[in-house]
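Visitor: I should like to take a close look at a single part of this protein and then see how that part fits into the whole. Please give one connected account.

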Amino acid sequence: MAFFEDLKKNITDAGQTVSQKTKNFTDEARMKSEINDMDRQINRLYVAIGQNYYQAHKDDASAADKESMDEITRLIGEINTRQDKINMNKGMIKCPNCGAALQAGSVFCNSCGKELPKPEPAQAQAGGKFCPQCGAQVADGSAFCPSCGAKIQ
């Protein structure tokens, strides 16, 4: 009988050990996940602090990180140039008031509500025509404007 009692105790102890190890493993995985979440929050805050610092000091010639800030300014300009080209290819224009992307030919900005200036067609060159939508010069025989994609009549 003692044999079965010892066997029962050993099985119970082994089960408790496995159960405790499983709980420890689960707790460790949960804590590692929480640590990763906190690390991501810290990194977002670092980025926000850096952006705020850049905005406050980008024009300060004596700033400690002037070279890096100048490079950020240059890259932002390049991004904006490429985004403007993408928008132009899509027949979009930029609101002069808030910078929102708008369909070419819009009369009002759908972001800030400001009335948009009507584009003035460029001076006609000999034999040239102009897009009635955006005013861009269009080659003779073109069926669509290369700037905004409007149909040429």
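Guide: Let the close look begin with N87, which is buried because its relative accessible area is 14%, under the 20% limit that the term requires. The model is a predicted one. N87 belongs to helix α2, which covers residues 66-89. When residues up to four places away in sequence are not counted, N87 touches M92 and A101.

One of these two partners leads onward. M92 is also in contact with A104, as are G91, I93, Q133 and C148, leaving aside the neighbours of A104 within four places in sequence. A104 in turn is a member of the largest nonpolar core, whose eight residues are A104, C131, A136, V138, C145, C148, A150 and I152. C148 therefore appears twice in this account, as a contact of A104 and as a fellow member of the core, which by its definition gathers buried residues joined through side-chain atoms within 4.5 Å. Apart from this core lies another, of five residues, including C95, A100, L102 and L116. As a general matter, nonpolar side chains in soluble globular proteins tend to be buried together.

The other end of the sequence offers a contrasting picture. M1 lies in the segment before α1, a helix that spans residues 2-57. M1 counts as exposed because its relative accessibility is 78%. Together with F3, F4, L7 and I11, M1 forms a nonpolar patch on the surface, and the accessible area of these residues together is about 620 Å².

These parts may now be placed in the whole. The protein contains two helices and four strands, and along the sequence they follow the pattern α-α-β-β-β-β. Taken along the principal axes, the box filled by the C-alpha atoms is roughly 115 × 50 × 30 Å. The radius of gyration is 33 Å, whereas a compact globule of 153 residues would have a value near 15 Å.

The totals for burial, contacts and surface complete the account. Of the 153 residues, 13% count as buried, and N87 is one of the buried residues. Among contacts between residues at least 6 apart in sequence, 5% join residues at least 24 apart. The protein exposes about 12100 Å², of which carbon and sulfur atoms supply 56%.

Note on methods
Residues are numbered from 1 along each chain as its sequence is written. This is a predicted model: local features need pLDDT of at least 70, side-chain atom pairs count only at pLDDT 80 or more; totals for chains, interfaces and linings use all residues. Side-chain values use heavy atoms; hydrogens and water are left out. Patches are made of residues with over 30% relative accessible area and no salt bridge: like charges are joined within 9 Å, nonpolar side chains (Val, Leu, Ile, Met, Phe, Trp, Tyr) within 5 Å. Accessible areas come from the Shrake-Rupley method with a 1.4 Å probe; for residues, only the protein chains shown count as cover. A salt bridge is a side-chain nitrogen of Lys or Arg within 4 Å of a carboxyl oxygen of Asp or Glu. Buried means under 20% relative accessible area, exposed over 50%, partly exposed in between (1.4 Å probe, protein chains only). The radius of gyration is taken over C-alpha atoms; the globule rule is 2.2 Å times the number of residues to the power 0.38. Contact means heavy atoms within 4.5 Å.
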